[in-house]
Amino acid sequence: MIDSRNTGSVPTSPVAHWDVVLPDETATGRLAMDLAALLRPGDLVTLGGDLGAGKTTLARAIIRELAGDPSLEVPSPTFTLLQAYDLPRHRVVHADLYRLGDSSELDELGWSEQTDGAVTLVEWAERAEGAVLRPDRMEVHITLPTEGAEKMRRVRLLGYGRMAGALYRMKAIRALIDQVGFGPAQRRFLQGDASARSYERLIGAKRNAVLMNSPRRPDGPPVHNGKPYSAIAHLAEDVKPFVAMARALRARGFSAPAIYGGDLDAGLLVIEDLGHEGVLDGTPPAPVPERYELAVDVLAALHAQDLPSTVAVTTGLDHHIPPYDLDALLIEVELLLDWYLPHSGGRLSPDARRSFRQLWTAALAPSLAQKPVWVLRDYHSPNLMWLPQRAGLARVGLLDFQDAVMGPPAYDVVSLAQDARVDVPEALELALLSRYVKARRTADPSFDTKGFAASYAVMGAQRATKILGIFTRLNQRDRKPVYLKHLPRIWNYLERCLSFPELGGLASWYKDHVTAPGASRLPPGVRPAVFPVAKPAATPAATPAPASTPPNESGRS
């Protein structure tokens with residue numbers, strides 16, 4: 001339900017409210033889990049209600065959930081007024097303003113500095129006469145019922161501004177978790193990657209599951225022909241493609257997660273938990289060769305099938321897998337021009353940009369002419385799980401395929417064999433490519449090895465170009481500098497792929513306009529000498545790898 005409410009000095013948006021009955025302490029802990037899961041840096045939660053109703057108890061439970069430590073010492077701030085916690089996910093400030101004389105005392109506490117960017121939990125916020133309130137906040141009112149069990153509590157949650165939408169989502173998540181039988185489960189945050197989706201592990205008594213929280217992404221600004229980037233690049237806008245691809249992969253014997261339940265409109269799914277074990281091992285993490293070999297076997301088996309471009313989401317609802325067409329591939333490589341080049345101090349004339357598109361259009365044409373397969377698009381170590389209890393190809397668990405497209409088979413092979421986040425030895429990369437080709441030729445003796453080798457180089461250069469732009473954007477726009485450490489590895493892939501003879505024109509363009517990560521910025525008119533310009537060479541051998549010898553180590557992109 002939505003209503004309007006005036007809170008005096010703080011302008012408000014419509015307010016969302018949710019009334020909850022807590023029969024016991026277990027239910028109170030569950031509410032703390034739900035609140036902790038929605039909180040973000042800068043959020044404010046006020047806790048009010050009857051004296052002795054349990055405001056501090058709820059605040060303490062929320063802090064322990066945010067810390068992931070049920071035994072964390074959380075003293076009441078009754079006398080100190082304010083207690084701060086630097087937790088792994090968020091900075092948290094817990095305040096009890098019951099003893100506050102007036103709002104001017106907040107300055108003595110350093111209130112603005114302490115709460116800036118923090119999750120702030122405030123008991124007795126009314127003592128500050130509105131001085132601590134924000135337009136985006138959650139109010140929690142706890143009352144003791146006149147009748148009922150001693151430990152029963154009635155709670156009204158009120159979400160204002162951004163927190164109104166967060167409260168609706170919190171309610172929808174709780175309803176879904178209860179509906180699929182994971183109501184008593186513990187919710188544990190899972191560290192995500194570069195996307196806006198979030199995940200939690202639901203730890204149940206008999207089995208675990210994963211909650212995928214993927215609200216429909218809004219369209220960005222138009223970037224080409226009136227369309228946003230996401231539409232041109234064919235990125236999934238909701239969870240329906242994930243459900244469709246998961247079911248289609250499972251129907252063919254591959255280990256995509258089972259779907260236990262979902263709210264498709266809200267972008268919420270509860271899916272099978274494929275566990276903790278991946279295809280890397282050791283410190284620092286390195287590929288486990290036999291797991292990578294089985295992962296490339298999965299691709300070979302998938303690509304050998306006649307794959308439809310339409311798959312079912314549910315009865316009466318289909319998902320049309322979009323083509324990995326020229327517009328999508330070009331808008332991705334242009335991320336290099338829009339993000340990486342400005343970051344490295346480069347400037348580009350309209351003619352140079354036009355030449356870039358023309359060269360890529362010509363280079364991509366042969367790959368686009370091949371029979372398309374399902375390109376899962378993020379087929380690399382973070383999204384591959386190891387399931388030793390299963391047999392054959394099913395031992396490789398598959399994640400993160402909602403952006404799947406119909407496109408060249410080489411794309412996912414290069415995604416596996418050139419992973420942005422870990423180094424893969426050159427010998428293993430070549431072994432994977434040979435293994436893939438052998439499997440494809442066994443299934444179809446007419447498989448075009450030479451065409452695949454050329455496509456592998458082109459798709460590798462395309463993917464490395466795109467990721468240089470994406471990882472730079474994650475730093476510049478999203479304040480995630482951790483991805484910059486991978487740029488040298490990706491640059492290494494780009495050099496290797498551009499050394500393929502058929503990409504000589506592109507290699508020359510990159511030599512003229514792009515500098516390596518960390519290279520000195522050169523004066524205007526001075527060209528960086530980075531890429532070796534490929535010279536005409538003999539037709540490559542059957543091994544589907546770039547004709548020139550790759551560097552000693554390959555890093556995965």
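## Helix α13

In this predicted model, helix α13 has 28 residues, which at 1.5 Å a residue should span 40 Å, and the C-alpha atoms at its two ends do lie 40 Å apart, so the expected and computed spans agree. Of those 28 residues, 24 are buried, and therefore α13 is largely enclosed by the rest of the structure. At the start of this helix, a side-chain oxygen of aspartate 448 comes to within 3.4 Å of the backbone nitrogen of lysine 450.

## Nonpolar cores

The largest nonpolar core has 98 residues, and those with the most contacts inside it are Trp360, Trp374, Tyr379 and Tyr510. Helix α13 gives the most to this core, with 11 residues. Tryptophan 360, when its neighbours within four places in sequence are left aside, is in contact with Leu330, Val333, Val458, Ala461, Gln462, Thr465, Leu506 and Tyr510. Another core, of 36 residues, lies apart from the largest one and has Ala32, Val45, Ala53 and Leu157 among its members.

## Aromatic pairs and charges over rings

A pair of aromatic rings is described by the distance of the centres and the angle of the planes. A search of the whole structure finds 13 aromatic pairs. One of them is formed by phenylalanine 356 and tryptophan 509, whose rings are tilted, with 4.7 Å from centre to centre and 50° between the planes. This pair links distant parts of the chain, since phenylalanine 356 belongs to helix α10 (residues 350-368) and tryptophan 509 to helix α15 (residues 504-513), 153 residues apart. Phenylalanine 356 and tryptophan 509 are both buried.

Tyrosine 436 and phenylalanine 447 form an edge-to-face pair, at 6.3 Å centre to centre and with 75° between the planes. Here tyrosine 436 sits in helix α12 (residues 426-443), whereas phenylalanine 447 is in the loop between α12 and α13 (449-476), 11 residues apart. Both tyrosine 436 and phenylalanine 447 are buried, and ring pairs join these two with Phe452 and Tyr456 into a cluster.

Two arginines are placed over tyrosine rings: arginine 127 lies over the face of tyrosine 98, at 4.3 Å from the ring centre, and arginine 137 lies over the face of tyrosine 160, at 4.0 Å from the ring centre.

## Backbone geometry in loops

Most residues other than glycine have a negative phi, and most peptide bonds are trans. Threonine 283 and proline 284, however, are joined by a cis peptide bond, with omega at about -5°, and proline 284 lies in the loop between β16 (280-281) and β17 (286-287).

Aspartate 400, although it is not a glycine, has a positive phi of about 60°; aspartate 400 is found in the loop between β22 (396-398) and β23 (405-407). Arginine 479 is also a residue other than glycine with a positive phi, near 55°, and arginine 479 lies in the loop between α13 and α14 (487-498). As for their surroundings, aspartate 400 has a relative accessibility of 16% and therefore counts as buried, while arginine 479, at 64% relative accessibility, counts as exposed.

## Serine 230

Serine 230 lies in helix α6 (residues 229-232). Its relative accessible area is 9%, and because this is under 20%, serine 230 is buried. Not counting residues up to four places away in sequence, serine 230 touches Asp219 and Leu235.

Terms used: Residues numbered from 1 in each chain as written. Predicted model: local features only at pLDDT ≥ 70, side-chain atom pairs only at ≥ 80, totals over all residues. Heavy atoms only, no water. Phe/Tyr/Trp six-rings, centres within 6.5 Å; stacked < 30°, edge-to-face > 60°. Helix = DSSP H or I, 4+ residues; strand = E, 2+ residues; numbered from the N terminus. Buried < 20%, exposed > 50% of the residue type's maximum accessible area, 1.4 Å probe, protein only. Lys NZ or Arg CZ within 6 Å of the ring centre and 35° of its normal. Core = buried A, V, L, I, M, F, W, Y, C linked by side-chain atoms within 4.5 Å. Contact = heavy atoms within 4.5 Å. Expected span 1.5 Å × (residues − 1). Polar contact = N/O pair within 3.5 Å; in protein donor to acceptor, adjacent residues only side chain to side chain.
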